[in-house]
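Hello,

Here is the structure we talked about passing on. Please open it first, then read the notes below.

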Amino acid sequence: MQLRLIFAACLALASTPGCAADSLAETFGSIVATNGTIHLPPAVRSRWQHLGSWLVADPNAPGHGFHDVYTQPDAAAYYRRHGRFPDGAMLVKQISAIRHAQLTTGAADYAGDAKVWFVMVKDAIGRFAGHRDWGDGWGWALFEAKNPQANVSQGYVAACRNCHLPAQSSDRVFVQGYPGLHAE
Ligand code: HEC
């Protein structure tokens, strides 16, 4: 209940200082409950920095869709300075349906309605050892548009770990796709 109130306040007053997950210090306590349960941060599209996009066009691919990745502005600024994600950084990958249109630019693909959100939460001190949604320095969660309140992931090892191994050397994040992590 308390979480819902914080979310509602943040949606109404997006620039409120200390608003849920606007600052890194707020991650643990508002988005992540004390028992390690991860919630979907509210309104990331309008409040957070867009890092980059992936287009998985093959309809038979597991990740078919338009992927947009966001993080807190503070987390992106920290990464640009130090080359790593700080404690409390969150990465949200929103997957949307792919729309097509013949425009004056040519045949264009663009993002339609959001369908799912993949979430990673940086935990630099190992807060939730043994919790199925936490491992290798991150919390891992999955939310669907039909019920964004519920994490439907089967747990980090079962649902996320193997696919993120190719990005092991960059803290399990596919940083090559995120121009927003680099100074212009
Ligand atoms: C089928 C393989 C696969 C699975 C399963 C998978 N991921 Fe990913 N994930 C990727 C790839 C590849 C990317 C980057 C490229 C893309 O999105 O197409 C990515 C990107 C992400 C991103 C954006 C930041 C980054 O690391 O680049 C988040 C957040 C994320 N995944 C979270 C998760 C979570 C949480 C799970 C488990 C619930 C999960 N992923 C399961 C392959 C996977």
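**Ligand site**

The ligand sits in the largest pocket. Keep in mind that this is a predicted model.

The shell around the ligand holds 20 residues. The closest are His 67, Cys 160, Cys 163, His 164 and Tyr 178. By class, the shell divides into 15 nonpolar, 3 polar and 2 charged residues.

Several elements each supply at least two shell residues. They are strand 1 (49-56), strand 2 (65-71), strand 3 (90-103), strand 4 (106-122), strand 6 (138-144) and helix 6 (161-164). Strand 4 gives the most, with 3 residues.

Ligand oxygen contacts to check:

- His 67: an N or O atom of the side chain is 2.7 Å from a ligand oxygen.
- Phe 174: a polar backbone atom is 2.9 Å from a ligand oxygen.
- Tyr 178: an N or O atom of the side chain is 2.5 Å from a ligand oxygen.

His 67 and Tyr 178 are also listed among the closest residues to the ligand.

**Salt bridges**

The count comes to 8 salt bridges. Here are some of them.

Arg 172 and Asp 136 meet through their side chains, at 3.4 Å from N to O. Arg 172 lies in the segment after helix 6, and Asp 136 lies in the loop between strand 5 (134-135) and strand 6, so this pair ties together parts that are 36 residues apart in sequence. Is Arg 172 buried or exposed? Arg 172 counts as buried, because its relative accessibility is 9%. Asp 136 has 35% and therefore counts as partly exposed.

Asp 133 and Arg 132 form another salt bridge, at 3.9 Å from N to O. Asp 133 is buried, with a relative accessibility of 7%. Arg 132 is partly exposed, at 47%.

Glu 144 pairs with Lys 146. Their closest N and O atoms are 3.6 Å apart. Glu 144 is partly exposed, at 26% relative accessibility. Lys 146 is exposed, at 73%.

Which residues are linked in a network of salt bridges? Asp 87, Asp 123 and Arg 127 are.

**In short**

The ligand occupies the largest pocket, and its shell includes 15 nonpolar residues. Its oxygen contacts include the side chains of His 67 and Tyr 178, plus the backbone of Phe 174. Among the salt bridges, Arg 172 with Asp 136 ties together parts 36 residues apart in sequence.

Best regards

Technical notes
Residues numbered from 1 in each chain as written. Predicted model: local features only at pLDDT ≥ 70, side-chain atom pairs only at ≥ 80, totals over all residues. Heavy atoms only, no water. Near = heavy atom within 4 Å. Polar contact = N/O pair within 3.5 Å; in protein donor to acceptor, adjacent residues only side chain to side chain. 1 Å grid on protein atoms, 1.4 Å probe; cavity = no way out; pocket = protein on both sides within 12 Å on 5 of 7 lines; lining within 4 Å. Sits in = over half its atoms within 2 Å of the grid points. Helix = DSSP H or I, 4+ residues; strand = E, 2+ residues; numbered from the N terminus. Nonpolar A, V, L, I, M, F, W, Y, C, P; charged D, E, K, R; others polar. Salt bridge = Lys/Arg side-chain N within 4 Å of Asp/Glu carboxyl O. Buried < 20%, exposed > 50% of the residue type's maximum accessible area, 1.4 Å probe, protein only.
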